[in-house]
Amino acid sequence: MNERKGLIEKHHYWQGKNGLWYVHIPDSTKPSGRRLVKRNTEKAIQDVIVKYERQFADNPTFEDMFYECYKNKLELGKLSKSSYDRYVQVYKRHYPSFGKQFVKNLSDTDFIDFLERQIPEHELGSRAFSLLKTITRDTLKYCKRRKYINWSAEQMLQELDVSDRDYYKRYKEDCEEVFDEEETANMVSYLTENHDTRNDAVLLMLITGMRVGEVVALKHEDIDPKDNLVRVRRTETRFKENGKDTYDIKDSPKTSAGNRDIVVPRNFSGFIQNLFFSSMNKEFVFEEDGARITSLLVRKRLYKICRTLKIPQRSPHKIRKTYDSILQDANLDKRFVTDQMGHSNISVSENHYHRNRKNTRQKRELIDAIPEFQNLA
């Protein structure tokens, strides 16, 4: 009786004005993902619920397994709350209907067909598709461990008919990805003349290439005025709690390569000294009214600065790309670039960060100065 009661309580059923009893039962074949069932008596509608629940007592849905898998990882400390939230968003985007199906009823071919359709349907790039494959792989490996399937998730993913040309590619102009030389100079000039906590955080990003989450996680001991260094040892993490964004500090950088000492340009040594001495009695370098400022506040301040200077609005990550481009334009040693950026290898910097920072006027001056072109006139 207790088992039957527990199964029934999983569903909401009701009696209509006509005296009939109704319940919505999940059904992946329906556009709404459910079907309406009606019966003459309350017991009959309860029997429908019990029959539905018992049919997958030993055959859970893919959705059940996804949440069980990732909640288990979260409890074991194998991933952060922010990573859990990100994977849940990926799941909700792709699996709202397919995930309602029972695991034992699905074959590797079903997943191949489903995954290949996701690229054109959602216009996925390679990174987005990689995240989708990650949650699919993890969940199916968990299903196999629980003996709900007997086929290999890895083998299934290897059989996907997907190539680079299938991915959705949105080309972004250089001006969308980095601040050009004049914009950078104007920003630095504005920030050095208008010091406050949030402006100083933006300025530190400009001269170090730090992630915004790393900047707001800096503590007093991370600032070294003697050697003009900033040490990155932790980062901010964001996750959902009771439906609201919560910001916390993780005692490690975003990646293992992110643990680094960043050399600051000598002409900003005075700025670094001011950060050091102004934070001596604080836990974090960037605080307001005794509380650490969050990355969201710094992001909003950057957008405000862009409006003030009448330049296109760009995110904090574009500052990081700008810094990387400055280093590479200076033809610095590749290992030094990766050390400053906290990248595991130079290909990340070269393929995803390095952009042309000269505006049209500067490009024209360079072209016009080429002797061979001058002689052709």
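In the predicted model, glutamate 177 forms a salt bridge with lysine 321, and the closest N and O atoms of the two residues are 2.4 Å apart. Because glutamate 177 lies in helix α8 and lysine 321 in helix α14, this pair ties together parts of the chain that are 144 residues apart in sequence. The side chain of glutamate 177 also meets that of lysine 318 in a salt bridge, with an N to O distance of 3.0 Å. This pair likewise links distant parts of the chain, with glutamate 177 in helix α8 (residues 174-177) and lysine 318 in helix α14, 141 residues apart. Glutamate 177 counts as buried at 3% relative accessibility; lysine 318 is buried with a relative accessible area of 12%, and lysine 321 is buried with a relative accessible area of 9%.

The structure holds 24 salt bridges. One of them joins arginine 146 to glutamate 68, with the closest N and O atoms 2.1 Å apart. Here, too, the pair links distant parts of the chain, since arginine 146 belongs to the loop between α6 (126-145) and α7 (153-158) while glutamate 68 belongs to helix α3 (residues 62-75), 78 residues apart. Arginine 146 counts as partly exposed at 35% relative accessibility, and glutamate 68 is partly exposed with a relative accessible area of 30%. Elsewhere, Asp224, Arg231, Arg233 and Asp261 are linked in a network of salt bridges. In general, side chains of opposite charge can pair when their charged atoms come close.

Strand pairing was examined next. An open sheet is formed by 3 strands in the order β4-β5-β8, with antiparallel pairing. The edges are occupied by β4 (223-224) and β8 (260-263), each of which has a single partner strand, so that one side of each is left without a neighbour in the sheet. The antiparallel pairing of β5 with β8 runs over 4 bridges, and the bridge partner of valine 230 in β8 is isoleucine 262.

The largest nonpolar core comprises 40 residues, of which Val202, Leu204 and Phe286 touch the most other members. At least two residues of this core are supplied by each of α9 (181-193), α10 (197-208), α11 (212-215), β5 (229-232), α12 (269-278), α13 (295-308), α14 (316-329) and α15 (334-341). The largest share, 7 residues, comes from α10. Apart from residues up to four places away in sequence, valine 202 touches Met187, Leu191, Val298, Arg301, Leu302, Ile305 and Ile319. A second, separate core consists of 36 residues and includes Phe62, Leu79, Leu124 and Met156. In soluble globular proteins, nonpolar side chains tend to be buried together.

Aromatic side chains form a further set of contacts, and the structure holds 19 aromatic pairs. Phenylalanine 62 and phenylalanine 111 form a tilted pair, at 5.3 Å centre to centre and with 55° between the planes. The pair links distant parts of the chain, with phenylalanine 62 in helix α3 and phenylalanine 111 in helix α5 (residues 108-122), 49 residues apart. Both phenylalanine 62 and phenylalanine 111 are buried. Phenylalanine 129 and tyrosine 167 form another tilted pair, at 6.0 Å centre to centre and with 50° between the planes. Because phenylalanine 129 lies in helix α6 and tyrosine 167 in the loop between α7 and α8, this pair ties together parts that are 38 residues apart in sequence. Phenylalanine 129 is buried with a relative accessible area of 0%, and tyrosine 167 counts as buried at 15% relative accessibility. One aromatic cluster is formed by Phe62, Phe66, Tyr67, Tyr70, Tyr87, Tyr91, Tyr95, Phe98, Phe111, Phe114 and Trp151.

Towards the start of the numbering, histidine 11 lies in the loop between α1 (2-8) and β1 (13-15). Histidine 11 has a relative accessible area of 14% and is therefore buried, the cut-off for this class being under 20%. The side chain of histidine 11 makes a polar contact of 2.5 Å with the side chain of glutamate 53. When residues up to four places away in sequence are not counted, histidine 11 touches Val23, His24, Ile25, Pro26, Ile49, Tyr52 and Glu53.

Terms used:
Residues numbered from 1 in each chain as written. Predicted model: local features only at pLDDT ≥ 70, side-chain atom pairs only at ≥ 80, totals over all residues. Heavy atoms only, no water. Core = buried A, V, L, I, M, F, W, Y, C linked by side-chain atoms within 4.5 Å. Buried < 20%, exposed > 50% of the residue type's maximum accessible area, 1.4 Å probe, protein only. Contact = heavy atoms within 4.5 Å. Polar contact = N/O pair within 3.5 Å; in protein donor to acceptor, adjacent residues only side chain to side chain. Pairing = 2+ DSSP bridges. Salt bridge = Lys/Arg side-chain N within 4 Å of Asp/Glu carboxyl O. Phe/Tyr/Trp six-rings, centres within 6.5 Å; stacked < 30°, edge-to-face > 60°.
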